[in-house]
Amino acid sequence: MKEKALLYCEGQFGESDGKTANGLIRRSQKYQITCVIDSTKTGLDAGKVLEGVDNGIPIYRDLSEAMDQLTEVPKYFIYGIAPKDAILSIKERRIFLNAMSLGMDIVNGLHEFISEDSEFKQQAKRYRVKLYDIRKPLANRYLHLFTGDILNVKTPKIAILGTDCAVGKRTTAMLLIAALKERGLRASFIGTGQTSLIQGEKYGIALDAIPSEFMTGELENAVVEANIHEKPDVIILEGQGALSHPAFISSCAIIRGGKPDGIIVQHPPKRENRVDFDYLQMPTLSSEIELIERFAQSKVIAITINHDNMNENEVADTIKAYEQDYQLPTTDTLFHGCNKLVKAVLDAFPELKEKTTN
């Protein structure tokens with residue numbers, strides 16, 4: 001049974017920095033989300049904000065209103081924001097302390113580890129609650145170095161990469177896995193960020209919190225373990241950031257440690273500057289595809305669109321233009337589903353067609 005949880009996402013729900021909360025509303029195998037806290041969207045339905053369809057999860061102004069409206073205190077308080085600085089503000093610290101005083105365990109996806117903070121530890125002990133730092137890696141002695149075992153994984157591996165942070169790579173991966181499973185294929189997912197771990201995915205690591213020496217090895221180990229224990233027909237790797245992004249190296253580790261056999265690239269056509277780095281111009285889709293294919297020595301098999309600031313007509317026109325320019329199947333998975341992606345996967349790996357059920 002899923003444990004009940006409250007999602008804190010002040011000022012960011014439905015936005016790029018609210019991607020942890022957004023992801024948990026769309027999919028959570030571990031938690032039953034009871035409400036979202038975001039004073040800028042008070043009174044709205046979380047599903048309506050994200051997908052345009054009510055899902056019965058209310059958005060409240062603050063923790064006090066949530067406690068007044070809910071019939072019971074959720075077991076977990078989840079910090080649903082993924083900000084650039086990844087450090088709690090004074091106001092947020094007070095909210096964490098308040099949540100602990102109400103008896104809630106804290107699930108924290110930031111690089112700031114609350115389980116090492118003396119004030120938080122004292123409060124947690126006082127109220128007998130637990131502190132979970134999702135990004136906190138194991139000690140180096142327990143981490144994995146690259147071994148080359150990935151070269152023995154013959155299962156097709158597909159990476160969902162992108163041209164920037166927060167373009168929907170994880171969402172596309174989840175939708176694709178569901179579509180592949182509907183066709184009777186066993187699909188395993190390798191998470192690479194804190195959101196997928198909070199969602200309860202079985203295999204993965206918060207890659208950007210791992211010391212660089214172990215990044216490729218940890219990713220490799222997750223893929224090898226999933227391949228051994230799940231015996232999947234296909235493995236989907238969650239991308240992080242962008243290979244061209246100067247602030248991140250996660251994509252390098254995913255490509256090196258995961259050795260993808262095929263790649264899907266997600267791109268937001270209307271985005272002019274990188275998220276949280278407004279002084280950095282977005283790369284072109286052409287330049288990213290060229291960079292990825294050269295670095296990965298693997299082919300891009302499809303393109304997916306993030307439709308931020310686009311209407312359905314603009315999306316349709318863009319899909320048509322991209323398919324003509326790149327000669328690659330292109331879709332918006334939230335608007336049009338994953339049929340084109342499934343076909344692209346089956347075309348790239350024809351041995352999978354024999355395993356489909358419909």
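In this predicted model, K259 takes a positive phi of about 45 degrees just after helix α9. Helix α9 itself spans residues 250–258 and is mostly covered, with 7 of its 9 residues buried. Those buried positions are S250, S251, A253, I254, I255, G257 and G258. Their packing partners are strand β7 (157–162), helix α8 (212–230), strand β10 (234–238) and helix α10 (285–296).

The pairing of α8 with α9 was examined further. The two axes come within 8 Å and cross at roughly 50 degrees. Helix α8 is therefore oblique to α9, since angles under 35 degrees would count as roughly parallel and those from 65 to 115 as roughly perpendicular. The crossing is right-handed. On the α8 side, M215, T216, L219 and E220 take part in the contact. They meet S250, A253, I254, R256, G257 and G258 of α9. By class, this contact has 4 nonpolar, 4 polar and 2 charged residues. Several α9 residues of the contact also appear among the buried positions, including A253 and I254.

A second helix pair is formed by α4 (residues 90–101) and α5 (residues 118–127). Their axes come within 9 Å and cross at roughly 15 degrees. This angle lies under 35 degrees, so α4 and α5 are roughly parallel to each other. The crossing of α4 and α5 is right-handed. From α4, the residues involved are R93, F96, L97, M100 and S101. From α5, they are E119, F120, Q123, A124 and Y127. The contact of α4 with α5 has 6 nonpolar, 2 polar and 2 charged residues.

Nonpolar packing was considered next. The largest nonpolar core has 44 residues, and within it F77 and I78 touch the most other members. Beyond its neighbours within four places in sequence, F77 is in contact with L6, Y8, L63, I95, F96, A99, M104, D105, I106 and V107. One of these, F96, belongs to the α4 side of the contact with α5. Another core, of 37 residues, lies apart from the largest one. Its members include A222, I263, A296 and I305.

Individual side chains add detail. F189 is found in strand β8 (residues 187–191). With a relative accessible area of 6%, F189 falls under the 20% cut-off and is therefore buried. Leaving out residues up to four places away in sequence, F189 touches R170, A173, M174, I177, S196, E201, Y203, I236 and E238. The C-alpha atoms of F189 and E238 are separated by 7.4 Å. Along the chain, these two residues are 49 residues apart.

T171 lies in helix α6 (residues 169–182). Its relative accessibility is 13%, so T171 counts as buried. Outside the four places on either side in sequence, T171 touches R26 and L334.

F335 is found in helix α12 (residues 333–336). At 32% relative accessibility, F335 counts as partly exposed. Its contacts, not counting residues up to four places away in sequence, are H307, E312 and V315. F335 and H307 are 28 residues apart along the chain. Their C-alpha atoms are separated by 8.8 Å.

Backbone geometry was also surveyed. Most residues other than glycine have a negative phi. D276 has a positive value, near 70 degrees. D276 is found in the loop between β12 (273–274) and β13 (277–281). Its relative accessibility of 31% means that D276 counts as partly exposed. Q297 likewise is not a glycine and has a positive phi, of about 50 degrees. The loop that holds Q297 runs between α10 and β14 (299–305). Q297 is exposed, with a relative accessible area of 77%.

Terms used:
Residues numbered from 1 in each chain as written. Predicted model: local features only at pLDDT ≥ 70, side-chain atom pairs only at ≥ 80, totals over all residues. Heavy atoms only, no water. Buried < 20%, exposed > 50% of the residue type's maximum accessible area, 1.4 Å probe, protein only. Helix = DSSP H or I, 4+ residues; strand = E, 2+ residues; numbered from the N terminus. Contact = heavy atoms within 4.5 Å. Core = buried A, V, L, I, M, F, W, Y, C linked by side-chain atoms within 4.5 Å. Axes fitted to C-alpha atoms, helices over the stretch in contact; angles between N-to-C directions. Parallel < 35°, antiparallel > 145°, perpendicular 65-115°, else oblique. Left-handed = near helix turned anticlockwise from the far one by under 90°. Nonpolar A, V, L, I, M, F, W, Y, C, P; charged D, E, K, R; others polar.
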